[in-house]
Amino acid sequence: MQRKSSKHTGDKTKPAQQRINRKLSVSTLLHLLELNFSTGCHVITLGYESAEYAPAGEYAEADIRAWVKCARAQLGGKFQYVRATEHGRDGDYAAVHRIVTAYPERTARALAEIWTYGPIRVDAIGAGELPALAGYLTANAAVPNRRSWIASRGLKRS
């Protein structure tokens, strides 16, 4: 007889294990960033207007997936990135999406302009700043006790 496993929510993970998981997530993300963006990268930040549409959870995830689909179409089908979603600041529950990509600033800005829900920003990150970026992307996970970043297909893994 086979048992059905229920989806683990992470609520019962002990604090010591949570610290280990977070440290492992940061080191894995840093390794991925160093392999794929060793000469630097651009971080596209996509936000929401707080007075307008400000989703969280699965709605924010649907928005960023739709944006990635449009960006992929604009680039001709191939779009390599690492993305992270976090909660907004100051009690605002709107999500903020950050996408790390190796495209030049002009291309990154054109991709960011696809976003219609709120403010956009494109920042250049140097190769020496990748450890700080990895920590920043994992610090404010939209869902506690979960991996807070997603890597696209086609990135080097090892």
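Start by selecting Glu105 and Arg109 in this predicted model: the two form a salt bridge, with their closest N and O atoms 3.3 Å apart. Both residues belong to helix α3 and sit four residues apart, about one turn of the helix. An α-helix has 3.6 residues a turn, so residues three or four places apart point the same way. Colour the pair by accessibility and you will find Glu105 partly exposed, at 41% relative accessibility, and Arg109 partly exposed as well, at 33%.

Now keep α3 on screen and extend the selection to residues 105-112. Which residues of this helix are buried? They are Ala108, Leu111 and Ala112. Look down the helix axis: these buried residues fall within an arc of 100°, so they line one face of α3. To see what covers them, show β1 (41-46), α2 (58-74) and β4 (120-125), which are among the elements in contact with that buried set.

Next, move to Arg121 and Asp123. Their salt bridge has its closest N and O atoms 2.9 Å apart. Arg121 is partly exposed at 45% relative accessibility, and Asp123 is also partly exposed, with a relative accessible area of 26%.

For a contrast in setting, select Arg98 and Glu86. This pair forms a salt bridge too, the closest N and O atoms being 3.4 Å apart. Arg98 is in strand β3 (residues 95-101) and Glu86 in strand β2 (residues 82-87), so the bridge ties together parts that are 12 residues apart in sequence. Are these two residues buried or exposed? Both Arg98 and Glu86 are buried.

Stay with β2 and show the whole strand. Five of its six residues are buried, so to speak of it as mostly covered is fair. Bring in β3 beside it: the two strands run antiparallel and are joined by six bridges. Within that pairing, pick out Thr85, which stands opposite His97 of β3.

Then add strand β5 (residues 149-151), which pairs with β2 in the antiparallel sense over three bridges. A handy spot to centre the view is Val82, with Ala151 of β5 opposite.

For the last stop, select Glu61, Arg65 and Arg83 together. These three residues are linked in a network of salt bridges. If you would like to check your own search against ours, how many salt bridges are found in the whole structure? The count is five.

Methods
Residues are numbered from 1 along each chain as its sequence is written. This is a predicted model: local features need pLDDT of at least 70, side-chain atom pairs count only at pLDDT 80 or more; totals for chains, interfaces and linings use all residues. Side-chain values use heavy atoms; hydrogens and water are left out. Buried means under 20% relative accessible area, exposed over 50%, partly exposed in between (1.4 Å probe, protein chains only). The arc is that of the directions from the helix axis to the C-beta atoms. Contact means heavy atoms within 4.5 Å. A salt bridge is a side-chain nitrogen of Lys or Arg within 4 Å of a carboxyl oxygen of Asp or Glu. Two strands pair if DSSP finds at least two bridges between them.
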